Amino acid sequence: MVERLRLRWRDDLPIKDLLGLRAELDDMLGRIRSTRHIANPVFKCPACGHIGRGADPHVSVRATILALARFGVAAREPARALEKAWSAHRKTAGLDLYGQAAKAEPVRLPECAHPDAR
């Protein structure tokens with residue numbers, strides 16, 4: 001994944017292409033987890049005691065930006081500036097953490113939604 005990040009990154013990469021890179025890394029993560037048979041961790045719901053697998057992990061745009069600095073693909077200051085630009089763009093365009101159109105706020109249930117509580 002880091003090698004793909006190194007190959008695709010350039011300093012003048014527009015936000016649209018950054019979102020495409022994030023999608024590629026997310027697909028790659030899914031393929032790696034699938035081919036290596038990596039299962040999601042098991043959690044216990046503190047409200048009802050239901051035990052089950054957690055949700056699939058995904059690569060966020062911010063994680064992609066932070067990886068640029070962490071693995072030395074980009075210098076820290078340009079990565080920090082890109083993170084701020086992404087945050088501003090995300091708010092003005094109404095996007096979620098993954099660069100998709102944000103859905104309405106999820107309705108909070110008074111109790112958890114797991115079947116067969118306890």
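Hi everyone, let me start with helix H3: its buried residues pack against helix H1 (2–8), H2 and H4. Keep in mind throughout that this is a predicted model. Which residues of H3 are buried? They are Val61, Thr64, Ile65, Ala67, Leu68 and Ala69. Just after H3, Gly72 takes a positive phi of about 70°.

Now let's look at how H3 meets H2. The axes of these two helices, H2 and H3, come within 9 Å and cross at roughly 95°. An angle from 65 to 115 degrees counts as roughly perpendicular, so H2 is roughly perpendicular to H3. On the H2 side, the contact is made by Leu18, Leu19, Leu21, Arg22 and Leu25, and on the H3 side by Val61, Thr64 and Ile65. If you sort the residues of this H2 and H3 contact by class, you get 6 nonpolar, 1 polar and 1 charged.

H2 has another partner to talk about, and that is H4. The axes of H2 and H4 come within 12 Å, again with a crossing of roughly 95°. That makes H2 roughly perpendicular to H4. Here Ile15, Leu18 and Leu19 from H2 meet Leu82, Trp86 and His89 from H4. The class count for the H2 and H4 contact is 5 nonpolar, 1 polar and no charged residues.

With those helix pairs in mind, let's go to the core. The largest nonpolar core has 18 residues, and the members that touch the most others are Leu5, Trp9, Leu18 and Leu68. Which elements give two or more residues to this core? They are helix H2 (15–35), helix H3 (61–70) and helix H4 (76–93). H2 supplies the largest share, with 5 residues.

Leu5 is a nice one to click on. Setting aside neighbours within four places in sequence, Leu5 is in contact with Leu21, Leu25, Thr64, Ala67, Leu68 and Val73.

Next, a charged side chain you may want to inspect: Arg33, which lies in helix H2. Is Arg33 buried or exposed? Buried means under 20% relative accessible area, so Arg33, at 18%, counts as buried. Beyond its neighbours within four places in sequence, Arg33 is in contact with Ile38, Ala39, Asn40 and Pro57. With Asn40 there is a polar contact, side chain to side chain, at 2.4 Å. As for Asp56, it is 23 residues from Arg33 in sequence, with a C-alpha to C-alpha separation of 9.6 Å in space.

Moving on along the chain, His37 is in the loop between H2 and E1. Most residues other than glycine have a negative phi. His37, however, has a positive phi of about 55° although it is not a glycine. At 72% relative accessibility, His37 counts as exposed.

My last stop is Cys48. You will find Cys48 in the loop between strand E1 (42–44) and strand E2 (51–53). Cys48 is buried, and its relative accessible area is 4%. How many residues apart in sequence are Cys48 and Cys112? The answer is 64, while in space they are 7.0 Å apart, C-alpha to C-alpha.

So, to recap: H2 crosses H3 at roughly 95°, H2 also crosses H4 at roughly 95°, and H2 gives the largest share of the largest nonpolar core. Thanks for listening, and I'm happy to rotate the model while we chat.

Technical notes: Residues are numbered from 1 along each chain as its sequence is written. This is a predicted model: local features need pLDDT of at least 70, side-chain atom pairs count only at pLDDT 80 or more; totals for chains, interfaces and linings use all residues. Side-chain values use heavy atoms; hydrogens and water are left out. A nonpolar core is a set of buried Ala, Val, Leu, Ile, Met, Phe, Trp, Tyr and Cys residues joined through side-chain atoms within 4.5 Å. Buried means under 20% relative accessible area, exposed over 50%, partly exposed in between (1.4 Å probe, protein chains only). Helices (H or I, at least four residues) and strands (E, at least two) are DSSP runs, numbered from the N terminus. Contact means heavy atoms within 4.5 Å. Axes are lines fitted to C-alpha atoms, for helices over the stretch in contact, and angles run from 0 to 180 degrees between N-to-C directions. Angles under 35 degrees count as roughly parallel, over 145 as roughly antiparallel, 65 to 115 as roughly perpendicular and the rest as oblique. Ala, Val, Leu, Ile, Met, Phe, Trp, Tyr, Cys and Pro count as nonpolar, Asp, Glu, Lys and Arg as charged, and the others, Gly among them, as polar. A polar contact is a pair of N or O atoms within 3.5 Å; within protein, one must be able to donate a hydrogen and the other to accept it, and residues adjacent in sequence count only if both atoms are side-chain atoms.
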